[in-house]
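Let's take a walk through this model together, one region at a time. Keep the viewer open as you read.

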Amino acid sequence: MAHPEHAHEQKPAGGPRVLRLSEKNPKVRTVVMERGPLGIERTFLPAIIKGLGITVRHFFGNVTRREQTQTIQYPDEKCVYPPRYRGLHRLMRRQDDSVRCVACMMCPTVCPAHCITIIPGERADSNEKFPERFEIDELRCVVCGLCVEACPCDAIRMDSGIHMTPVEFRGDAVLAKVDLMKRGALSTAIQGGRGGDWRDHEPPERGPESLVPAAPR
Ligand code: SF4
Ligand code: SF4
C-alpha cells in the first residue's frame, strides 16, 4: 500500500493519476482525470443528431404504420376491459325490485377511503333495514373492491364495466342511491348468505349490456 504522502507519484498503467489516498480507506482515492483533445465528440453533436434521428424515425413510423403505436384513438376506439375489471359501483335489486342493501354498514366500515355514506331506515314490511341514503364519492374511491368483498348479501358490485367519466363539479362525482340503482340488476343471492354459491344461479347476462334501468325504491 502506498503512503498517502507519496500517492501523488502513482500513475498505474492505463489508469488516472492518483493525487491522494484516504487515510481511513486506501481504496478511496483522489485522481486527476486527463481530458483528451477537444474533438467533435466533446460537443455532443453526434449524440444529439443520432437521438433526433431516432425520434424522427419513430414519429414517421407511427404516422404511416400504426401497428407499433401503443396508444388508441379514445373515445372512437375503446379498450376491452377484462372480466374482473372494477368499474363504477352499482346497487343490486331483489325480486320485488327493491334494493338488496340492508344498511349493515360493513362497506363504509371497511372502505379505506371513507367515501361511502349510508343513512339507514327501517323497512315497513320486515325487521330489516334499508339505506334511506346511499352515496359513494367516486373521486375519493380508490377502486380497491373491499366494499364488494365485505357485503354479506351481494348488494353492491363493481362489475358494471363502466369507468368514471370526468366531471366539471366536485359534487357530480358523488353518486346517489338513484344513480347506483340505475345500473343495478336482479341478484339471486340468498339473503343472509345461506345455501349454495349465488354465482351458480347468476343469470347469464352480465356487464354493462345487462344493466336494467328501473326506478329505485
Ligand atoms: S372500492 Fe374501495 S375505496 Fe371504493 S368505495 Fe369500495 S371500499 Fe371504498
Ligand atoms: S355491505 Fe352491503 S348490505 Fe351492508 S351496507 Fe354495504 S352494500 Fe349495504
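Ala113 sits in the loop that links α2 (106-110) to β4. Keep in mind that the model you are looking at is predicted. Is Ala113 buried, exposed or partly exposed? It has 15 C-beta neighbours inside 10 Å, a count between the limits of 12 or fewer for exposed and 20 or more for buried, so Ala113 counts as partly exposed. Setting aside residues up to four places away in sequence, Ala113 touches Arg140, Cys141 and Val142. Of these contacts, Cys141 is worth a closer look: 28 residues separate Ala113 and Cys141 along the chain, while their C-alpha atoms are separated by 5.9 Å.

Both of these residues turn up again around a ligand. Ligand 1 is surrounded by 14 residues, and the closest are Cys111, Ala113, Cys141, Cys144 and Cys147. If you sort that shell by residue class, you get 13 nonpolar, 1 polar and no charged; note that Cys is counted as nonpolar in this scheme. Now turn to ligand 2, which has 13 residues around it. Here Cys101, Cys104, Met106, Cys107 and Cys151 come nearest. The shell around ligand 2 divides into 13 nonpolar residues, with no polar and no charged ones.

From the loop that holds Ala113, the chain can be followed into β4. Which strands make up the sheet, and in what order? The sheet is open and has 3 strands, arranged β4-β5-β7 with antiparallel pairing. Its edges are β4 (116-122) and β7 (174-175), each of which pairs on one side only. As a reminder, strands of a sheet pair through backbone hydrogen bonds, either parallel or antiparallel.

Let's look at the two pairings in turn. β4 and β5 form a hairpin, with 6 residues between them. The antiparallel strands β4 and β5 (residues 129-137) are joined by 7 bridges. You can trace this register yourself: Ile119 has Arg133 in β5 as its bridge partner, and Gly121 has Phe130. On the β7 side, 2 bridges join β5 to β7, again running antiparallel. There, Ile136 stands opposite Leu175 in β7.

Strand β5 also leads us to the interior. In soluble globular proteins, nonpolar side chains tend to be buried together. In this model, the largest nonpolar core has 24 residues, and those with the most contacts inside it are Leu91, Cys101, Cys151, Ala155 and Ile156. At least two residues of this core come from each of α2, β4, β5 and α4 (177-182), and the largest share, 3 residues, is supplied by β5. Two of the core residues just named, Cys101 and Cys151, are also among the residues that come nearest to ligand 2. Ala155, leaving aside its neighbours within four places in sequence, is in contact with Leu91, Met92, Val99, Arg100 and Cys101.

Next comes Arg94, in the loop between β3 (90-91) and α2. With 17 other C-beta atoms within 10 Å, Arg94 is partly exposed. Arg94 and Ala185 lie 91 residues apart in sequence, yet their C-alpha atoms are 8.4 Å apart in space.

Finally, how many residues of helix α1 are buried? The number is 0 of 20, so α1 lies largely in the open. Helix α1 covers residues 45-64 and reaches 28 Å from its first C-alpha to its last, close to the 28 Å expected at 1.5 Å a residue.

Definitions and conventions. Residues are numbered from 1 along each chain as its sequence is written. Chains are lettered from A and ligands numbered from 1 in the order in which they are written. This is a predicted model: local features need pLDDT of at least 70, side-chain atom pairs count only at pLDDT 80 or more; totals for chains, interfaces and linings use all residues. A residue is near a molecule or strand if its C-beta atom, placed from the backbone, lies within 6 Å of it. Two strands pair if DSSP finds at least two bridges between them. Helices (H or I, at least four residues) and strands (E, at least two) are DSSP runs, numbered from the N terminus. The expected span of a helix is 1.5 Å times one less than its number of residues. Two residues are in contact if their C-beta atoms, placed from the backbone, lie within 7 Å. A nonpolar core is a set of buried Ala, Val, Leu, Ile, Met, Phe, Trp, Tyr and Cys residues joined through C-beta atoms within 7 Å.
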